[in-house]
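The following paragraphs lead the reader through a multichain model, from the relations between chains to the strands and helices within them. The sequence and coordinates should be kept in view throughout.

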Amino acid sequence: MASKTLWIAVAVVVVVVVAAIAALVYKPSAPAAPTTSSAPSASTSTTQATPTSTTAASVKTVTIGALLPLTGSLQFMGVSGQCAIQLAVQDANQMFASKGIQFQLVVQDSACDPTAALQKLQTLYSQGIRFVAGLTCSSELSAVKNFAEQNHILITSISTSPLLAVPKPYIFRLPPTDNAQAKVLAALYHMLGIKRVVIVYRADAWGQGLTQAIINETKKYGIQVVGAFGYDPSPSAMPAAEQAAVQKASAALGTPGPDAAFEIISFDQDGAAVVQAAMNDPVLSKVRWFGTDSNVYGTAIMQAGGQALAAAKFMGAVASPNPDDPHYLHFANEFKKFCGHAPTGYDPYYYDTAMIIMEAIAETGSTDPTVINSVLEQWGKNGTYVGATGPVYFDQYHDRQYASYLIVGVVIVNGTPTWINAGFYNGTTGQITVFPQGQALFSS
Amino acid sequence: MLEIKGIVKQFGAFRALDGVDMTIERGKVTLLIGPNGSGKTTLINVVTGVYKPEAGRVYFHDDGKTLDITGWPPHKVFAQGIVRTFQIPQIFQKLTVMENLLAVARGQAGEGVLNAMREGRWAKQEEELAERAFEILDLVGLGDVWDRYAYSLSAGQMKLLELARALMAGAKLIILDEPIAGIPIAQAHAIFQTIRDVNAKGVTFWVVEHRIDIAFKYVDYVYAMASGRVISQGAPDAVAKDPKVIESYIGG
Amino acid sequence: MPLLKISELNAGYGKFHVLNGISLEVERGEIAVLLGPNGAGKSTLLNAIAGLATIYSGSIVVDGKDITRSSPSEIQKIGVGYVMQSPNNFGTPNIFPELTVRENLVAASVGVPQDAAEKALEEALGLFPKLKELQNRKAKFLSGGERQMLAISMGLMKRPKLLMLDEPTAGLAPKVASDVFSAIRSIRDMGITILLVEQNARKALEIGDRAFVMVTGRLRYSGPAKELDEEKLGRLIMGQ
Amino acid sequence: MFNMYDFLNNVVIPAIVYSNIYALASIGLTMTYITTKIPSFAHGDLAAVGAYATFYFLYFLFGGIKPGSVYLAMPIAALAGAAVAYLSYIGVFKPMIRRGASVTVLMIASFGLHFLIFGILAILDSIAQTVYGWSTRNYSFSTGEVQIPGLTQSEVTAITSSVVLLLILAALYYLLNRTKFGVVMRASIDNAPLARALGIDVERVYAISWLIIGAVTGIAGIYMGMIFPVTEELGWLRLPLIFVAVIVGGLSSIYGGVIGGYIVGWSMVLGFNYILNPLNLPPEYQLAIPFAIVIATLLLAPQGIAGLIAARRRT
Amino acid sequence: MIRDVLAKTVALVIALVVVGALAFASPLPKDVRVLLQNIEVYIAIYGIYVISLNLEVGYLGLPQFGKVMFLLIGAIAVGGIATKLVLLIYQNAIFKAMGAYPLAKISDYCMYYQYSVTSLVNQMLAQNPALGLGYFLFGVALAMVLSAGLGVLFAYPAIRLREDYLGILLLVSGEFLRVVTYYATPVACGVNGAVIPDPFAWALGETRTLVYFIATSAFLIATFLVFDAIGNSPFGRALRAIRDSETAAAVFGKDIVKFRIRVLAFASAFAGLAGALLAYYFDYTILGTYLPIYTFIGWTMLILGGLGNNVGAIVGVVVYYIVQTLLDIYKNSLQAVLHADPTYLAYAIFGLAIILVLMYRPQGIVPEKPVKTIDLNKVRERIQRKIK
């Protein structure tokens with residue numbers, strides 16, 4: 001009868017559930033299984049250090065997690081970020097080998113989907129992982145916020161949305177919020193005597209937030225944002241949206257002039273489309289252009305219109321230490337070797353999301369997220385940690401502050417348009433210093 | 001019981017039915033024969049409301065009343081107790097034999113979505129229906145396979161199931177379209193025997209069948225059609241000898 | 001040795017058992033006509049020979065080769081051409097409506113070497129001059145008679161030894177039908193054996209050398225066409 | 001004021017490029033449908049396969065993407081797409097069809113196939129990245145486009161993609177109408193029972209048509225990669241719009257699909273420029289335009305463009 | 001038979017109590033328990049979703065490829081409407097604390113104040129559990145009503161279109177709705193996503209998960225009871241008859257449109273319920289993520305478990321989550337086999353699993369069974385006795 005088959009079904013389910021729980025409880029990584037034999041290549045996702053001279057018995061293995069958008073609309077950030085985080089783990093294993101700590105990395109794909117992100121975080125948690133680096137989308141961060149706080153999981157993120165500038169225990173954001181970047185850009189406009197700005201932005205949470213922040217910050221200098229036009233960043237749409245936004249921006253600006261500027265709030269790929277649309281525009285091609293931390297140093301944008309960028313004296317700000325900072329140089333160098341391409345956009349931040357956790361663990365010897373949380377708060381006050389993105393200060397919301405920015409621009413070097421470091425914004429003083437090679441960009 | 005008067009049905013230039021008159025007597029088994037393309041299936045479609053005729057009327061006599069059912073939509077024709085079967089059996093494959101019957105019973109209280117959750121509203125009716133269904137299944141000889149899935153039946157059993165289903169739906173007049181096409185001879189006889197058994201209980205039959213050698217043994221009255229017209233009618237023996245009928249089969 | 005020899009054939013479609021112990025022989029170079037009322041299993045017999053029906057038991061031998069379990073394309077290679085009824089029991093016509101006349105013939109010549117196919121094509125078009133005129137017209141725009149002629153030509157493309165025709169004159173005007181019958185005769189004169197299923201028994205018997213009558217899946221008559229008079233045929237068909 | 005230059009640049013060129021891409025992609029999906037009746041959710045992945053094959057080939061050969069080089073790789077993209085399409089038919093769809101799987105079940109199977117192809121591509125990527133140090137994601141084929149002095153890259157792409165689309169259509173026309181195989185293939189589509197009765201191996205014909213489907217879609221992948229960043233999801237992310245093109249085209253004729261592609265491309269660009277912009281609606285709604293068109297098509301004329309044309313011919 | 005349905009429901013309750021006890025009160029390590037707790041809530045929510053899909057797909061044979069649409073409606077009902085209602089109720093208190101009315105300038109609220117406002121609202125809701133419950137039930141009811149309304153709309157095209165066309169119409173309609181609502185900021189804060197006040201703000205930490213587990217389980221049990229009772233009734237039988245042969249069902253006087261309307265209204269309402277529960281549980285929603293993939297995930301669960309029976313639907317959800325979680329946890333060991341990123345290997349394995357199940361066990365883990373209305377064997381025996 002039916003009830004018989006029903007009970008069989010129930011029994012099967014119970015057995016499966018029990019088996020699954022048993023599988024969960026049994027953790028292969030628990031007693032530091034000596035798995036150092038495999039993984040000769042560094043860029044697989046469980047990156048392990050090559051065994052050092054320390055005896056295997058005294059080595060303590062700490063597994064940290066990374067939650068990255070490896071599929072979906074922000075895949076391009078996630079894949080590059082994964083590499084940066086793997087590099088960080090490799091570096092940490094070299095740096096802290098003497099302390100008897102070895103780091104392992106487990107990567108999960110969040111697909112920039114809040115639901116998936118929370119599920120994967122819970123999976124990581126069940127594996128005993130209490131430190132998770134690299135959360136990318138602000139929507140993911142929103143979804144995991146409560147879970148992290150309740151279960152004491154320390155998360156480092158590269159989200160910059162001003163929406164999350166709220167108390168959020170156990171979550172630290174490595175890049176400054178868009179408010180900080182907006183401050184730099186406003187100061188830069190002011191310094192160059194700009195009075196009218198028109199903005200074309202990527203219509204996602206990041207682009208909208210940064211645009212709003214620029215509008216607020218420029219008010220303080222009496223600079224007017226005459227218009228802000230979004231385009232759809234969704235990869236299923238068509239880049240013609242960028243052209244249309246540029247068109248509208250051109251109309252809003254009306255006439256060119258030395259007091260006018262064009263601000264491009266984009267990533268690299270979509271920025272290229274904006275540049276292509278703007279370089280032939282009769283109005284926009286005659287004013288100064290500005291970018292953001294996520295399109296300067298971009299390869300696609302340079303390819304699309306390097307000459308035009310140079311002609312428009314394109315400049316953008318990247319939160320960064322002094323360009324001669326050995327940390328950054330070291331990182332950039334290593335990254336290129338390790339990942340096969342130069343770091344762009346958020347790569348150094350991704351690196352730091354992992355490195356700051358590992359350094360805190362190595363320095364304190366503690367793997368208690370509560371301890372690390374207070375250590376990071378302490379370090380954030382003093383700027384103790386200095387990473388690929390310079391000294392890290394956190395404000396009361398665990399967001400990066402007092403950040404110094406590098407002003408990056410495009411000039412023609414030997415006939416080819418090239419990215420150069422044109423100046424430096426000191427986050428503490430709010431002053432802009434112009435480097436000698438950047439003089440041309442700052443002249444009128 | 002059913003009176004067909006001067007039905008004309010035209011498809012473009014092609015006149016499929018050209019003034020057909022026919023009477024299906026209550027309580028009898030009437031056979032309709034004719035070569036391919038003579039208009040038999042078209043006629044059934046006109047009667048059951050699938051097609052509207054260009055001319056002519058269809059009358060249904062029941063309970064002492066006469067209804068002009070010409071051009072009625074299929075579900076209204078069905079509601080009068082006229083049930084047809086199809087050449088290709090349209091049974092509910094993944095339902096059991098019993099379910100096939102229960103599913104077609106009329107006026108089920110449990111088919112409302114809110115009533116469905118309240119078993120009290122329909123359990124008694126369901127029980128009555130099941131009893132009737134078992135009786136019907138026993139009548140047509142499917143009593144032993146009542147809990148089998150319909151797709152596992154043999155071709156002959158499927159035909160019987162269609163018949164049983166028509167009975168379950170409360171049919172007074174059952175129109176069978178080729179009930180023994182593709183059925184082995186022994187089973188074919190059994191099916192016609194069943195038709196007679198059911199007929200003995202008062203159900204009128206109107207059968208379209210090609211295999212006249214078998215069918216003639218079981219029917220009361222025969223109509224023969226050719227080219228959209230009735231060419232002969234009468235008792236089976238008479239029709240079988242009618243040269244016009246033979247001509248229609250031989251002459252093409 | 002007869003060209004076609006069928007012994008004790010039981011066949012049908014899956015669950016639907018149609019043919020009951022059919023045995024018959026067709027000699028080379030003759031026109032054999034297969035008669036019987038609708039539903040007697042005539043088309044099923046042709047489908048069984050062509051490899052399109054399910055054979056439960058018995059055997060079919062063509063030109064000395066047993067083709068009982070062969071695939072349709074193997075059977076065609078052995079030399080059996082088949083012009084289906086239209087619409088056939090799959091509900092499709094016996095030509096490709098969306099293809100031109102010429103393309104229909106090309107499609108029917110699959111597996112034939114290029115030069116032989118071209119020759120056969122010219123021959124077929126020669127047999128029906130009307131088709132030659134219409135060779136670039138889509139088949140769906142042809143008249144009923146033209147469609148039947150096309151279907152017959154398609155059956156000839158592989159130069160069969162045995163050509164089976166299923167009701168080639170169904171639905172045709174008498175004048176057109178007699179054109180088809182004379183075409184069938186000239187095909188026989190080309191040396192091709194013909195197995196013809198016809199509704200129009202009278203005409204068929206006129207051109208046929210041998211006749212078979214099937215009723216309800218059984219063979220009721222087998223013999224020279226001349227000896228089958230209409231009265232006898234009528235009785236057979238009416239099941240008496 | 002009407003500005004010819006703007007109109008050309010902002011409307012005509014992009015509309016042509018998108019239309020060509022969606023037209024190229026919908027040829028394959030229409031063929032999938034008319035041969036084996038599967039609205040395949042794995043169709044977009046064939047484009048991704050083509051794009052990746054191109055990438056690997058060019059990197060093996062030149063270590064990078066040189067101007068004009070994608071045309072060298074086009075046969076490789078076609079070959080790779082064809083191989084994957086063939087395998088998916090032989091390995092998955094054919095056995096399932098033989099067992100009488102319904103359209104819905106085949107659609108779910110094609111969804112599983114999407115995951116499988118997508119996963120394998122990503123794994124290959126990850127291997128290529130590890131072993132050769134290639135950056136295998138988010139590159140663009142636009143650098144591989146030929147350079148014509150005096151023309152912008154979009155203009156060149158508009159021209160080349162039109163030429164390729166026309167060449168493919170011409171080749172398909174030739175194949176289908178002028179070769180024996182084409183006749184056999186159309187015959188199998190038109191009347192499969194008769195084709196079987198005439199000794200045509202219909203299954204083999206379908207298998208070969210899957211080869212063609214894969215080849216054309218693989219080439220479509222190259223053009224997609226010129227406009228959209230190449231990832232394993234290159235085709236998957238555009239699949240809804242490809243479906244729109246195919247449905248609007250009527251699911252029954254290759255040329256209908258091409259017209260559908262043109263309707264999708266132009267409706268997005270025109271709708272964007274002349275509906276959304278003037279009304280100040282969010283630009284993101286451009287995706288909603290083709291969706292609205294297909295919903296209207298399905299509700300009002302389910303047979304699509306091809307159906308309308310056929311209806312007119314009939315009357 | 002209702003007794004049968006009740007027996008199954010009791011089994012479900014027992015199973016839920018057992019796994020609930022395992023997750024909330026057992027000596028398992030805390031991290032495993034936390035994972036189990038959350039998975040159980042997901043299973044309960046997706047159980048509702050897949051059971052409702054089963055009525056459409058398994059019983060009626062409707063190619064419902066737009067299912068995610070109703071999760072979206074649930075999210076809008078909660079994150080877009082119910083949330084604003086709470087903001088309206090507390091607007092004076094919010095104004096006192098923050099100096100702004102949140103609904104006055106919705107774009108600013110969405111971009112800057114959502115978290116601050118919501119934490120304030122949560123504090124107040126924690127003081128007023130009754131209001132929280134009312135707000136919860138309001139959101140759930142609203143989601144069900146809106147979804148049912150939308151579902152009914154699709155009953156009409158469903159008659160005119162062939163299976164494949166209808167499937168694609170539903171799929172595209174879902175995408176259309178997603179795009180339109182996502183980019184309209186006032187609906188649910190657009191690209192920023194909507195932060196949702198917690199109706200059970202008084203419960204903290206594990207207690208909160210427990211409350212949600214109990215709430216979602218209760219809904220799952222109710223859903224199962226309702227759908228299985230419907231399924232094992234003349235109504236369910238009529239649906240299957242329509243699925244098997246629409247022609248014959250119509251001939252026998254079944255009003256197919258009426259049945260479709262009822263099924264779509266009913267199933268959509270419960271899918272909307274699942275969407276609302278999901279939104280409340282996450283206390284955050286972003287409409288852009290309601291992609292067709294969630295429809296396919298529902299289908300995958302259903303086909304794994306077995307079409308046409310509700311036990312199979314639940315089993316499918318359970319198996320899906322178990323496989324997915326185990327793959328997530330153990331994929332790193334797979335890496336040893338293949339020197340590549342294991343994340344993607346998990347996708348490939350999953351795709352392969354779907355294909356293999358469809359090819360070799362198309363009926364799923366728990367195959368379909370005949371509808372049980374009354375005990376037919378008893379009737380049979382009675383009749384045979386009568387004959388004797």
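Chain A and chain C are not joined by any contact, and their closest C-alpha atoms lie 30 Å apart. The model in which this separation is found is a predicted one. Chain B and chain D likewise have no contact joining them, with their closest C-alpha atoms 13 Å apart. Among the 6 pairs of chains that do touch, the most contacts are between chains A and E. Over all chains, the salt-bridge count comes to 49.

The interface of chain D and chain C can be followed residue by residue. Here 16 residues of chain D are in contact with 25 residues of chain C. K180(D), D190(D) and L198(D) supply 33% of the area that chain D buries against chain C, more than any other three residues. The area buried between the two chains is about 1800 Å², and carbon and sulfur atoms give 64% of this area.

Which polar links cross this interface? The rule finds 1 salt bridge between chain D and chain C, and in a salt bridge the side chain of E103(C) meets that of R186(D) at 2.4 Å, N to O. There are also 8 residue pairs in polar contact across the interface, both residues being at pLDDT 80 or more. On the side of chain D that touches chain C, α6 (180–190) and α7 (192–197) of chain D each supply at least two residues. The largest share of that side, 6 residues, comes from α6(D). By character, the residues of this side of chain D divide into 9 nonpolar, 3 polar and 4 charged.

Within chain C, attention turns to an open sheet. Its 6 strands follow the order β6-β7-β8-β3-β9-β10, and the pairing is mixed. The edges are occupied by β6 (80–83) and β10 (218–224) of chain C; each has a single partner strand, so one side of each is left without a neighbour in the sheet. On average, neighbouring strands of this sheet are turned by 15 degrees against each other, direction ignored.

One pairing in this sheet joins β3 (residues 31–35) and β9 (residues 210–215) of chain C, in the parallel sense and over 4 bridges. Within that pairing, R210(C) in β9(C) is the bridge partner of A32(C). Helix α1 (residues 42–50) of chain C packs on the sheet, where it touches β3, β6, β7 (162–166), β8 (193–197) and β9 of chain C; the direction of the helix makes about 145 degrees with that of β7(C). Helix α7 (residues 174–189) of chain C also packs on the sheet, touching β3, β7 and β8 of chain C, and its direction makes about 155 degrees with that of β8(C).

A further set of strands in chain C is linked by antiparallel pairing. β1(C) and β2(C) pair in the antiparallel sense over 7 bridges, with L4(C) standing opposite V26(C) in β2(C). These two strands form a hairpin with 2 residues between them, and G14(C) in the turn has a positive phi of about 55 degrees. A salt bridge is formed by K5(C) and E25(C), whose closest N and O atoms are 3.4 Å apart. This pair links distant parts of the chain, 20 residues apart: K5(C) lies in strand β1 (residues 4–13) and E25(C) in strand β2 (residues 16–26) of chain C.

β1(C) also pairs with strand β4 (residues 54–62) of chain C, in the antiparallel sense and over 7 bridges. In β4(C), V62(C) is the bridge partner of L4(C). β4(C) in turn pairs with strand β5 (residues 65–66) of chain C, antiparallel and over 2 bridges, and D66(C) in β5(C) is the bridge partner of V61(C). The hairpin of β4(C) and β5(C) has 2 residues between the strands, and D63(C) takes a positive phi near 55 degrees in it.

Chain A contains an open sheet of 7 strands with mixed pairing, in the order β2-β1-β3-β4-β5-β14-β13. At its edges stand β2 (101–109) and β13 (393–394) of chain A, each with a single partner strand, so one side of each is left without a neighbour in the sheet. Strands β4 (residues 154–157) and β5 (residues 171–176) of chain A run parallel and are joined by 3 bridges. T156(A) stands opposite F172(A) in β5(A).

Methods. Residues numbered from 1 in each chain as written. Chains lettered and ligands numbered in written order. Predicted model: local features only at pLDDT ≥ 70, side-chain atom pairs only at ≥ 80, totals over all residues. Heavy atoms only, no water. Contact = heavy atoms within 4.5 Å. Buried area = accessible area lost by both parts, 1.4 Å probe. Salt bridge = Lys/Arg side-chain N within 4 Å of Asp/Glu carboxyl O. Polar contact = N/O pair within 3.5 Å; in protein donor to acceptor, adjacent residues only side chain to side chain. Nonpolar A, V, L, I, M, F, W, Y, C, P; charged D, E, K, R; others polar. Pairing = 2+ DSSP bridges. Axes fitted to C-alpha atoms, helices over the stretch in contact; angles between N-to-C directions.
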